[in-house]
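Reader: Hello! I have this chain open on my screen and would love a close look at its aromatic residues and how they sit among their surroundings. Could you walk me through that part in one go?

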Amino acid sequence: MKFIYILLLLFPLIILSQEEDLLSEIDNTDNSKEYNSAAFKGLKIVNFESTKMVSKKELYFVVSHRFGSVKTGFDDFFGLDQAVTRLNFLYGISDGINFGISRSSFLKIYESSLKLRLLRQRNNGFPFTVVSSNNILINTALDKDLLPGLDFTNRLGYTSQLLISRKVNKNFSLQLMPTFFHDNLVQVDEQENSQFVIGIGGRHKLTKRFSINFDYGYHLNRAENSPFVNPLSIGIDIETGGHVFQLHFTNAQPMNTNGFLGQATGDWGSGDFFFGFNLSRVF
């Protein structure tokens with residue numbers, strides 16, 4: 001069983017080795033053409049992935065934290081007692097190929113990721129940056145005692161996204177994120193396992209070191225009886241010495257893509273939302 005876990009978490013690297021010619025073409029940079037500067041400074045807009053990539057041979061360690069709902073007030077000290085954490089390692093195989101592995105306390109999820117830059121925005125040239133983001137996760141919190149018919153495959157989930165960003169001007173960037181995700185086991189009986197979302201996000205630079213960010217995901221086939229809602233998040237990026245510290249509010253506590261898109265529970269209108277942050281360290 002441990003071997004299967006390792007194999008699944010390394011699945012993106014297996015794909016990578018089989019697609020060597022394609023990836024070498026993706027990573028081929030034409031230095032004679034001037035590329036536009038990055039649309040986003042953080043690896044995430046808020047919850048959604050951005051088109052920013054980890055540079056070649058850099059290792060990022062990202063700590064993401066979401067407190068509980070602020071609606072609980074002093075009973076849980078505005079969510080402090082109900083926090084979840086995600087630890088994520090990201091490595092730049094090249095400037096256009098990133099591999100990651102993470103563990104989240106939400107449902108004890110282990111996840112691997114593969115991020116490929118397909119196209120880059122150019123000054124007086126191609127108007128967008130296009131990145132493919134793909135994930136495989138394992139939900140290890142499912143209990144066989146509560147689910148006697150549970151198979152290992154029921155623990156698996158998948159995500160595939162196309163991230164399309166444009167730096168409109170020196171201060172403003174937008175991104176569109178058509179997303180497919182699949183959970184082999186869903187919590188709502190009438191919910192289809194394969195789900196589709198259109199995401200949109202943006203960044204507006206306020207000063208040299210501060211920007212305000214937002215992202216939103218519109219679920220296209222959510223079950224009518226589902227208790228879950230579309231995720232809306234607002235945050236601030238703080239650039240400090242080449243690093244980005246992200247503070248935000250969101251109505252989705254989960255940080256894995258399948259989680260915040262499929263299992264957001266908060267209601268902004270009633271004050272039911274979560275405070276959180278993303279903190280990264282480069283090695």
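Author: Happy to! A contact here means heavy atoms within 4.5 Å. With that in hand, residues 24 or more positions apart account for 57% of the contacts in the chain with a separation of 6 or more. Please keep in mind that this is a predicted model.

A little background will help. The chain has four helices and 12 strands. Of its 283 residues, 48% count as buried. The accessible surface comes to about 14300 Å², and carbon and sulfur atoms hold 58% of that.

Now to the rings. Across the whole structure, a search finds nine aromatic pairs. One of them joins F67 and F275: the ring centres are 5.8 Å apart and the planes meet at 10 degrees, so this pair is stacked, as planes under 30 degrees apart count as such. F67 belongs to strand β1 (residues 59-69) and F275 to strand β12 (residues 274-282), so the pair ties together parts that are 208 residues apart in sequence. The two partners differ in cover. F67 is buried, at a relative accessible area of 15%, while F275 is partly exposed, at 26%; the cut-off for buried is under 20%.

Another pair, F126 with F128, is edge-to-face, with 6.3 Å from centre to centre and 80 degrees between the planes. Here F126 is partly exposed at 33% relative accessibility, and F128 is partly exposed too, with a relative accessible area of 35%.

Back at the stacked pair, there is a wider group to look at. F67 and F275 belong to one aromatic cluster together with F249, W268 and F273. You may also like to find F283, whose ring face has R281 lying over it, at 6.0 Å from the ring centre.

Strand β11 (residues 243-250) is a good next stop, with Q246 as the residue to pick out. Q246 is buried, with a relative accessible area of 5%. Its side chain makes a polar contact of 3.1 Å with the side chain of D237. Setting aside residues up to four places away in sequence, Q246 touches G42, K44, I45, N213, I236, D237, G276, F277 and N278.

I45 leads on to the nonpolar interior. The largest nonpolar core has 15 residues, and I45, F48, M177, F260 and L261 are those with the most contacts inside it. Strand β7 (172-183) and helix α4 (257-262) each supply at least two residues of this core. For a closer view of one core member, turn to F260: apart from neighbours within four places in sequence, F260 is in contact with N47, F48, P231, A252, P254 and M255.

Finally, have a look at K52, in the loop between α3 (20-26) and β1. K52 is partly exposed, with a relative accessible area of 22%. Beyond its neighbours within four places in sequence, K52 is in contact with F40, K41, G42, L43, Y60 and K115, so G42 is a shared partner of K52 and Q246. K52 and T129 are 77 residues apart in sequence, yet their C-alpha atoms are 9.4 Å apart in space.

Note on methods: Residues numbered from 1 in each chain as written. Predicted model: local features only at pLDDT ≥ 70, side-chain atom pairs only at ≥ 80, totals over all residues. Heavy atoms only, no water. Buried < 20%, exposed > 50% of the residue type's maximum accessible area, 1.4 Å probe, protein only. Areas by Shrake-Rupley, 256 points an atom, 1.4 Å probe, with all protein chains shown as cover. Polar contact = N/O pair within 3.5 Å; in protein donor to acceptor, adjacent residues only side chain to side chain. Phe/Tyr/Trp six-rings, centres within 6.5 Å; stacked < 30°, edge-to-face > 60°. Lys NZ or Arg CZ within 6 Å of the ring centre and 35° of its normal. Core = buried A, V, L, I, M, F, W, Y, C linked by side-chain atoms within 4.5 Å.
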